[in-house]
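Visitor: I would like a close look at a single part of this chain, and then how that part sits in the rest. Please keep to what the model shows.

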Amino acid sequence: MKVEGQGTPRNQERSRESSTSAYAVQCGKCFKWRLISTQEEYETIREKFIENPWFCDKKSNVSCEDPSDIEYDNTRTWVIDKPNLPKSPAGFKRGLTMRKDYSRMDSFYVVPTGKKVRSPAEVEKFIDANPKYEGVGKDLNFTTPKIMEDTIPRNVEATNSSKRMKTSKVDDD
Ligand SMILES: [Zn+2]
């Protein structure tokens with residue numbers, strides 16, 4: 001969440017398995033990146049990021065004077081979340097997968113029954129079958145983060161180049 005709205009980014013390791021390898025948030029004062037140790041903590045920060053911006057001193061024993069935990073560079077693929085996405089309800093776990101061509105990510109939730117839901121339609125089905133979760137539907141959000149193009153592995157970029165050129169041509173018009 002840096003470009004789209006200012007917020008917390010998510011780091012993605014280069015492997016094709018592409019599970020999120022680290023969570024980081026950018027300080028609103030010194031702009032250094034700080035690692036956040038758990039997904040839950042990260043989602044808590046992200047949920048109120050606009051009204052409650054994040055600064056280094058929210059991390060214990062850290063201040064803006066300290067060197068950053070992690071640098072934004074292309075040693076890993078970075079994806080930037082939109083701020084203020086709802087925190088995953090208790091018993092639900094949000095996940096992301098990267099498409100092979102790095103064109104976009106897909107989001108899903110593992111629901112309390114252990115199944116994965118990948119769209120609002122699947123959420124509806126799940127709630128129909130499990131009405132006690134009716135209240136959580138609004139907190140299941142499938143917004144996906146922005147993939148930072150300058151951190152996509154080079155070999156992937158090459159296979160994508162024709163598509164990319166087309167896109168920039170459209171923009172020029
Ligand atoms: Zn700072």
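In the hairpin of strand 2 and strand 3, which residue takes a positive phi, and how many residues lie between the strands?

Guide: This is a predicted model, and what follows should be read as such. In the hairpin of strand 2 and strand 3, the residue with a positive phi is Phe31, at near 65 degrees. Six residues lie between the two strands of this hairpin. Strand 2 and strand 3 pair in the antiparallel sense, over four bridges. Within that pairing, Tyr23 of the hairpin stands opposite Ile36 in strand 3.

The hairpin also takes part in the packing. Strand 2 (20-26) and strand 3 (33-36) each supply at least two residues of the largest nonpolar core, as do helix 1 (39-47) and strand 4 (77-80). That core has 15 residues, and the members that touch the most others are Ala24, Val25, Ile36, Ile45 and Trp54. Ile36 is thus named twice, as a core member and as the residue opposite Tyr23. Leaving aside residues up to four places away in sequence, Trp54 touches Val25, Cys27, Gly28, Ile45 and Phe49. In soluble globular proteins, nonpolar side chains tend to be buried together. A second core, separate from this one, has seven residues, among them Tyr109, Phe126, Val136 and Leu140.

Elsewhere in the chain, strands 5, 6 and 7 form an open sheet in the order 5-6-7, with antiparallel pairing. Strand 5 (93-98) and strand 7 (116-117) are at the edges with a single partner strand each, so one side of each has no neighbour in the sheet. Strand 5 pairs with strand 6 (residues 105-110) over six bridges, and one bridge joins Leu96 to Ser107 in strand 6.

As for the whole, the chain has three helices and eight strands, following the pattern β-β-β-α-β-β-β-β-α-β-α along the sequence. Of its 173 residues, 25% count as buried. Among contacts with a separation of 6 or more, 62% are between residues 24 or more positions apart.

Confidence varies along the chain. The mean pLDDT is 85, and 79% of the residues reach 70 or more. Strand 7 has the highest mean pLDDT of the elements, 97, and strand 1 (residues 9-12) the lowest, 54. Over residues 1-8 pLDDT stays under 50, and the model has 34 contacts beyond four places in sequence for them. Residues 12-17 also stay under 50, with 14 such contacts.

Technical notes. Residues are numbered from 1 along each chain as its sequence is written. This is a predicted model: local features need pLDDT of at least 70, side-chain atom pairs count only at pLDDT 80 or more; totals for chains, interfaces and linings use all residues. A residue is buried if 20 or more other C-beta atoms lie within 10 Å of its own, exposed if 12 or fewer, and partly exposed in between; C-beta atoms are placed from the backbone. Two residues are in contact if their C-beta atoms, placed from the backbone, lie within 7 Å. A nonpolar core is a set of buried Ala, Val, Leu, Ile, Met, Phe, Trp, Tyr and Cys residues joined through C-beta atoms within 7 Å. Two strands pair if DSSP finds at least two bridges between them. pLDDT is the predictor's confidence in each residue, from 0 to 100.
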